[in-house]
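Reader: I am new to this structure. Please pick one part, look at it closely, and show me how it connects to its surroundings.

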Amino acid sequence: MDQQKLHVAIISSPGMGHLIPVLLLGHRLATHHHLHVTILAVTTHTSAVESQLLIDSAHTINIVKIPLGDLSSLLNPHDSVVTHLAVMMREARHGIRSAISAMAPRPDVLIADLFSTESLPVADEFRLQKYVYVSGSARFVALTTYLAVLDKEVKGQYVDRTEPLVIPGCDPVRCEDVPDPMLDRDDQQYKEYVRMGIDFVTLSDGILTNTWTDFEGKWIKALKCNEILRSVVKVPVYDIGPLTREVDEAGSEKSKVIEWLDKQPAESVLFVSFGSGGTLSAEQTAELAWGLELSQQRFLWVIRPPAGSSTSTDGAFFTAGSGPDETPEYLPEGFLTRTQNIGFLWTMWAPQVEILNHRSVGGFLTHCGLNSVFESIKGGVPMIVWPLYAEQRLNASIVTEDLKVGVRPVVWPTKKVVGREEIEKMARRLMESEEGKKMREKVKELGENAKEALGMNGSSYNSMCEFIKCCEMKMKRA
């Protein structure tokens with residue numbers, strides 16, 4: 001019987017934000033659905049945290065590293081992250097093909113993450129089923145897959161439009177919220193993004209997306225049922241999320257961060273973190289420090305060295321997890337002394353899931369990467385949204401406008417420096433006000449809904465079962 005077990009291979013592009021969702025999908029398929037799973041992890045300069053994640057995952061899933069050689073002749077340092085990833089994953093195709101060829105037994109299904117879609121034709125060479133795993137929201141999937149239509153219909157730059165973008169069956173998308181690759185249609189990353197959207201629906205047998213009904217039911221329904229949108233998205237769409245990291249109940253030695261949180265009152269701490277790749281300018285870092293101090297809220301701040309300019313918000317993307325264990329020197333004079341009784345700064349990797357599930361944490365100032373948004377929701381923590389790059393503005397809009405479990409600056413931080421007074425106001429609003437209390441109650445309810453979706457007979461569990469059943473039926477017919 002074991003010989004008939006479905007074997008799934010999943011490709012991960014470089015970076016913590018891509019590796020974590022792929023490992024979570026692999027772990028879910030292996031432990032909850034008892035499939036044989038292999039992760040093809042394309043690596044560059046793997047950080048210590050990424051290496052540990054791969055080691056920890058190896059007891060439930062098979063890990064195959066696909067190392068990349070020197071790509072300096074192919075990459076321009078000034079190109080965007082999206083362009084870099086596209087070039088990397090094109091160069092990784094030979095290694096992916098070789099890895100699959102060497103597997104015994106070979107996989108039955110190949111799943112590519114959103115930056116790996118150009119490897120899907122490799123599946124045809126080995127007669128494998130092929131799917132795309134988009135670790136983003138259904139809103140992101142709808143916009144990405146429909147972009148080829150918008151590309152023909154919309155004239156000029158999207159960001160210059162006053163009217164929102166219309167996607168059939170979905171809420172209009174404000175042009176200020178579009179993902180980074182849509183900001184400049186003359187940039188190479190825009191061409192890569194259009195190509196990716198076309199790949200999703202022309203190279204794959206279906207799309208898996210890391211979302212669930214209570215998070216964005218209207219968008220999921222449109223992707224599955226809207227006649228006009230379905231004429232573009234002709235493949236099945238499976239909502240299987242939110243797949244997130246869980247608190248390690250076995251627990252290791254307590255970190256200094258958790259020891260500090262243990263001493264704070266319930267729901268009194270504002271957790272501040274911009275993810276594995278987010279950095280701020282020196283000016284914005286200083287304003288954030290002043291704002292936290294003025295708010296007089298307890299805070300835990302995972303701080304990174306400032307970027308060279310206010311536009312370099314993704315500067316740490318490929319070197320995340322290696323921050324120095326020293327006090328930063330770019331804060332206002334006297335800041336550490338004045339906030340020593342209410343604040344805790346941390347310059348290293350932080351156990352985010354454990355922090356967000358700690359009883360003392362009552363708010364999260366976040367860059368709105370979807371991993372972080374889902375971890376915050378499942379931890380029952382409302383948010384101050386601070387999107388920096390990629391599709392984070394889309395995620396921030398869902399949090400603040402659709403779900404109403406967060407607050408936002410008047411102008412997105414990518415457009416202007418957010419001043420200390422506004423930061424103080426947002427912190428007090430989230431942590432002290434009656435509105436913040438209601439958000440806290442609402443996000444806890446949403447977190448329970450997320451867990452129910454993943455539980456037996458929940459919407460996401462059933463969707464995953466539907467995907468697996470489809471794969472098994474195709475395998476039998478092959």
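Author: Start with a term. A pocket here is an open set of grid points with protein on both sides within 12 Å along at least five of seven lines, and its lining residues have an atom within 4 Å of a point. Keep in mind that this is a predicted model.

Take the second largest pocket. About 1400 Å³ of space lies in it. Its lining has 38 residues. Leu53, Asp56, Arg245, Glu246 and Asp248 lie nearest the centre. By class, the lining divides into 16 nonpolar, 12 polar and 10 charged residues. The five central residues show part of that mix: Leu counts as nonpolar, while Asp, Glu and Arg count as charged.

Which elements give two or more residues to this lining? They are α1, α2 (48–57), α10 (256–262) and α13 (352–356). The largest share comes from α2, with 6 residues. Leu53 and Asp56, already named among those nearest the centre, fall within the range of α2, residues 48–57.

Now follow α1 away from the pocket. Helix α1 spans residues 16–31 and joins β1 and β2 in a right-handed β-α-β unit. Strand β1 covers residues 7–12 and runs parallel to β2, with 6 bridges between them. One opposite pair is Val8 and Val37, the latter in β2. On the other pairing, 6 bridges join β2 to β3 (residues 62–67), again in parallel. There, Thr38 of β2 has Asn62 of β3 as its bridge partner. Val37 is thus mentioned for the pairing with β1, and Thr38 for the pairing with β3. In a regular strand, side chains alternate between the two faces of the sheet.

Is β2 enclosed or open? Of its 8 residues, 36–43, 7 are buried, so β2 is largely enclosed by the rest of the structure. The cut-off for buried is under 20% relative accessible area.

Thr31 also lies in α1. Its relative accessibility is 30%, so Thr31 counts as partly exposed. Compare its place with that of Asp262, a residue in the range of α10 (256–262). The two are 231 residues apart along the chain, and their C-alpha atoms are separated by 32 Å. Both α1 and α10 nonetheless give two or more residues to the pocket lining.

Next, look on either side of α10. Pro242 sits in the loop between β7 (237–239) and α10. The peptide bond from Gly241 to Pro242 is cis, with omega near 5°. In the loop between α10 and β8 (269–273) we find Glu267. Its phi is positive, about 55°, although Glu267 is not a glycine. Glu267 is partly exposed, because its relative accessibility is 31%. Why pick out such features? They stand out because most residues other than glycine have a negative phi and most peptide bonds are trans.

Two other places in the chain echo these features. The peptide bond from Ala104 to Pro105 is cis, with omega near 0°. Pro105 lies in the loop between α4 (93–102) and β4 (109–113). Lys404 has a positive phi near 55° and is a residue other than glycine. It is found in the loop between α15 and β13. Lys404 has a relative accessible area of 49%, so it counts as partly exposed.

Helix α15, residues 392–402, reads another way: 9 of its 11 residues are buried, so it is largely enclosed. Among the buried ones are Gln392, Arg393, Leu394 and Asn395. The cover over the buried residues includes α6 (138–153), α8 (213–225), α14 (370–378), β12 (383–385) and β13 (406–407).

Last, contrast the open pocket with closed space. The model has 2 cavities of 30 Å³ or more. The second largest cavity holds about 70 Å³. Among its lining residues are Phe274, Leu280, Trp301, Ile303 and Arg304. That lining has 7 nonpolar, 3 polar and 1 charged residues.

Definitions and conventions. Residues are numbered from 1 along each chain as its sequence is written. This is a predicted model: local features need pLDDT of at least 70, side-chain atom pairs count only at pLDDT 80 or more; totals for chains, interfaces and linings use all residues. Side-chain values use heavy atoms; hydrogens and water are left out. Buried means under 20% relative accessible area, exposed over 50%, partly exposed in between (1.4 Å probe, protein chains only). Helices (H or I, at least four residues) and strands (E, at least two) are DSSP runs, numbered from the N terminus. Two strands pair if DSSP finds at least two bridges between them. A crossover is right-handed if, with the strands pointing away from the viewer, the path from the first strand over the helix to the second runs clockwise. On a 1 Å grid over the protein atoms alone, a cavity is a set of points where a 1.4 Å probe fits but cannot get out, and a pocket is an open set with protein on both sides within 12 Å along at least five of seven lines; lining residues have an atom within 4 Å of a point. Grid points are joined across faces, edges and corners, and a volume is the space filled by probe spheres set on the points. Contact means heavy atoms within 4.5 Å.
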